[in-house]
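Trainee: I am new to this structure and would be grateful for a close look at a single part of it. Please choose one helix, explain how its surroundings are arranged, and then follow the connected parts of the chain.

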Amino acid sequence: MAGIASLFWHVLFPVACPICGRAGSTGCLGCIKGVLSPSGPVCIECLNCYPCDRHTLAFPHYFGAAHKGPARQLIHLLKYGHHGALGISMGRALAACLSFPLPDALVPIPLHNESPRFFNQSEKIAQGLSLELGVPVMNCLSWNVRIHPRALTKSYARSKLPEGAFKLDECKLKADIRTVMICDDVCTTGATILGAAETLAKGGLQVLGSASLTLAKGKK
Ligand SMILES: [Zn+2]
Ligand SMILES: [Zn+2]
């Protein structure tokens, strides 16, 4: 009987938590929290401890776990799976384990124009953070179409994005939003976040910091 009930449940909700296997859950909040092991923020310029002696003007980057083991697998599932709800749970778990000054809005790194993905995983994480923190998500960035994706791939290796890699959608800005936090799924060199921060700052917004579920610490 239990088997039939479980089968029925699985037909209704054909998903299971990737950590505990519970049917009907794309990822339990408690399970995701268990995977996170937050430490203090890092300097967005060099990814070493924040505050940083070398980069006194840099903002802090907050993250939930090192990009390895189950945390890395969760990111992989979010990127290549089809369940955006997992990203929302990730954002909620991240909010519960970090403490930072609240911005007026959360700005996700946009999905690249040519991405085949069904949803923007960074936006899902931002939505989860938003639910817990009561701070709105502001989708005001997009990749600049004039920049060829190959130039971006090359620039990741150089850890500096080409000038103007992002553009600001001015009509999405709101008068009462002055401070923002940038959200991404994984931070590797900080180049993407720094590129986004430059564009936001040019638009008159103050970037208080950035947050990602994991930190990979690629080569600078
Ligand atoms: Zn679970
Ligand atoms: Zn630094």
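Mentor: In this predicted model, the buried residues of helix H3 are covered by surroundings that include helix H2 (29–35), helix H4 (84–97) and helix H5 (121–133), together with strand E2 (60–66), strand E6 (179–187) and strand E7 (206–215). The buried residues in question are Ala71, Leu74, Ile75 and Leu78. Viewed down the axis of H3, the buried residues fall within an arc of 95 degrees, so they line one face of the helix. An α-helix has 3.6 residues a turn, so residues three or four places apart point the same way. On the face of H3 turned away from its buried side are the exposed residues Gln73 and Tyr80. The length of H3 can also be checked: with 12 residues (69–80) at 1.5 Å a residue, the helix should span 16 Å, and the 17 Å between its end C-alpha atoms agrees with this.

Two of the elements that cover H3 lead to further features. The first to consider is helix H2, one of the elements over the buried residues of H3. A zinc ion (ligand 1) is coordinated at 2.3 Å by the SG atoms of Cys17, Cys20, Cys28 and Cys31. Along the chain these donors follow the spacing C-x2-C-x7-C-x2-C. Cys17 lies in the loop between helix H1 (2–12) and H2, whereas Cys31 lies in helix H2, so the pair ties together parts that are 14 residues apart in sequence. The 4 donor atoms subtend angles of 105 to 114 degrees around the zinc ion, which makes the arrangement tetrahedral. For comparison, the ideal angle for four tetrahedral donors is 109.5 degrees. Cys17 counts as buried because its relative accessibility is 3%, and Cys31 counts as buried at 18%, the cut-off being under 20%.

The second is strand E2, which also belongs to the cover of H3. The structure holds 2 aromatic pairs. One of them is formed by Tyr62 and Phe100, which are tilted, with 5.1 Å from centre to centre and 55 degrees between the planes. This pair links distant parts of the chain, since Tyr62 is in strand E2 and Phe100 is in the loop between H4 and strand E3 (105–108), 38 residues apart. Tyr62 is buried, with a relative accessible area of 11%, and Phe100 counts as buried at 13% relative accessibility.

How values were computed
Residues are numbered from 1 along each chain as its sequence is written. Chains are lettered from A and ligands numbered from 1 in the order in which they are written. This is a predicted model: local features need pLDDT of at least 70, side-chain atom pairs count only at pLDDT 80 or more; totals for chains, interfaces and linings use all residues. Side-chain values use heavy atoms; hydrogens and water are left out. Helices (H or I, at least four residues) and strands (E, at least two) are DSSP runs, numbered from the N terminus. The expected span of a helix is 1.5 Å times one less than its number of residues. Buried means under 20% relative accessible area, exposed over 50%, partly exposed in between (1.4 Å probe, protein chains only). The arc is that of the directions from the helix axis to the C-beta atoms. Contact means heavy atoms within 4.5 Å. Donors are N, O and S atoms within 2.8 Å of the metal (3.2 Å for Na, K and Ca); water is not among the atoms, so sites may look incomplete. Four donors count as tetrahedral if all angles lie between 85 and 135 degrees; four count as square planar and six as octahedral if opposite donors are over 155 degrees apart and all others between 65 and 115; anything else is irregular. Rings of Phe, Tyr and Trp (its six-membered ring) pair if their centres lie within 6.5 Å; planes under 30 degrees apart count as stacked, over 60 as edge-to-face and the rest as tilted.
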